[in-house]
Amino acid sequence: MAPLRFAANLNWLFQEQPTLPQRMEAAARAGFRAVELGFPYSCGAPELRAAAERTGLEVVLLNTPPGNQDKGDKGLGAVPGRQPEFRETLDLAVKYAKALKCPRIHLMAGRLPVGAERKAVAAEMEATFIENLRYAADILAQENLVGLLEPINSRISDPHYFLTTPQQGHVQIAQVPARHEPDSPGELNYLYLFDLLESMGYSGYVGCEYTPEGNTVKGLGWLYSYWENHGRSLAEAAQ
């Protein structure tokens with residue numbers, strides 16, 4: 001069975017560094033060969049591309065822009081009446097993806113309207129999401145990009161996010177319930193889950209989307225153990 005491939009999500013890991021290029025450099029020094037840039041838009045695409053080339057990192061995922069975060073936006077894909085804005089955010093995401101040679105874009109669904117009951121708005125939001133996904137599918141196909149959907153659990157992470165149903169696709173990891181390193185105390189046996197992914201022949205990246213309990217590198221013991229158990233030395237990881 002082929003070993004799993006891990007990507008550092010730089011919205012979560014290496015927050016010790018203030019900028020995305022510096023986080024990319026830190027991820028490379030820690031042994032990662034791939035990163036996820038959830039929201040890269042505060043930094044110019046050429047600067048990020050230069051950092052990727054300098055560090056040898058593959059950028060494997062980015063999100064569509066969230067919208068107006070000050071007003072509570074978390075994506076626009078399923079938000080009725082904002083289809084033109086969704087198309088603008090998709091265009092920007094495609095430009096970054098092409099510049100960074102990133103093959104995947106997470107199409108963020110967005111949140112329920114403030115004060116709305118999920119049952120009352122679900123049908124309209126679903127229709128909006130389908131409309132936007134059909135538009136996005138055509139654009140992404142033309143650009144040879146893959147669109148991803150990410151359900152977010154409504155119990156802990158975000159009770160107002162529209163998409164909450166798990167679907168097959170890109171894998172991201174964090175321990176439950178505190179969302180720390182996979183080997184931190186919690187409910188999930190990640191060694192078992194890693195074995196299961198390997199047995200299924202999963203060949204995509206496993207995104208490390210968790211909040212480190214302390215220093216990011218000091219919390220990577222679980223990853224270094226995995227690499228060593230699969231024949232990748234720490235010296236090789238550091239190259």
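Leaving aside its neighbours within four places in sequence, which residues is R49 in contact with? In the predicted model examined here, the residues that R49 touches beyond those neighbours are A99, L100 and K101. R49 itself belongs to helix α2. Its relative accessibility is 17%, and because buried means under 20%, R49 counts as buried.

The aromatic residues were considered next. A pair of aromatic rings is described by the distance of the centres and the angle of the planes. The structure holds 12 aromatic pairs. In one of these, Y41 and Y96, the ring centres lie 4.8 Å apart and the planes meet at 75 degrees, so the arrangement is edge-to-face. This pair links distant parts of the chain, with the two positions 55 residues apart: Y41 is in the loop between β2 (34–37) and α2 (45–55), whereas Y96 is in helix α3 (residues 83–100). Y96 has a relative accessible area of 10% and is therefore buried.

An edge-to-face aromatic pair is also formed by F194 and Y226, with 5.6 Å from centre to centre and 75 degrees between the planes. Here too, distant parts of the chain are linked, since F194 is in helix α5 (residues 190–199) and Y226 is in helix α6, 32 residues apart. Both F194 and Y226 are buried. These two residues belong to a cluster linked by ring pairs, in which F6, Y190, Y210 and W222 also take part.

Within this cluster, W222 was examined in further detail. W222 is placed in helix α6, which spans residues 221–229. With a relative accessibility of 8%, W222 counts as buried. When neighbours within four places in sequence are left aside, W222 is in contact with F6, I173, E181, P182, D183, F194, C208 and Y210. Among these, Y210 is joined to W222 through a polar contact of 3.3 Å between the side chains; Y210 and W222 are also members of the ring cluster. By contrast, the C-alpha atoms of W222 and F129 are separated by 37 Å, the two residues being 93 apart along the chain. W222 is accompanied in α6 by further buried residues, namely L223, Y224, Y226 and W227. Helix α6 is followed by G231, which has a positive phi near 85 degrees.

Two arginine side chains are positioned over aromatic rings. R5 lies over the face of Y205, at 4.0 Å from the ring centre. R87 lies over the face of Y135, and in this case the distance from the ring centre is 3.9 Å.

Cysteine pairing was also assessed. The structure holds zero disulfides. For C43, which is in no disulfide, the nearest cysteine sulfur is that of C102, 15 Å away. Conversely, the closest cysteine sulfur to that of C102 is in C43, and the separation of 15 Å is too far for a bond, because a disulfide requires sulfur atoms within 2.5 Å. Both cysteines are nevertheless withdrawn from the surface by the criterion applied: C43 counts as buried at 10% relative accessibility, and C102 counts as buried at 1%.

Key: Residues are numbered from 1 along each chain as its sequence is written. This is a predicted model: local features need pLDDT of at least 70, side-chain atom pairs count only at pLDDT 80 or more; totals for chains, interfaces and linings use all residues. Side-chain values use heavy atoms; hydrogens and water are left out. Helices (H or I, at least four residues) and strands (E, at least two) are DSSP runs, numbered from the N terminus. Buried means under 20% relative accessible area, exposed over 50%, partly exposed in between (1.4 Å probe, protein chains only). Contact means heavy atoms within 4.5 Å. A polar contact is a pair of N or O atoms within 3.5 Å; within protein, one must be able to donate a hydrogen and the other to accept it, and residues adjacent in sequence count only if both atoms are side-chain atoms. Rings of Phe, Tyr and Trp (its six-membered ring) pair if their centres lie within 6.5 Å; planes under 30 degrees apart count as stacked, over 60 as edge-to-face and the rest as tilted. A charge sits over a ring if NZ of Lys or CZ of Arg is within 6 Å of the ring centre and within 35 degrees of the ring normal.
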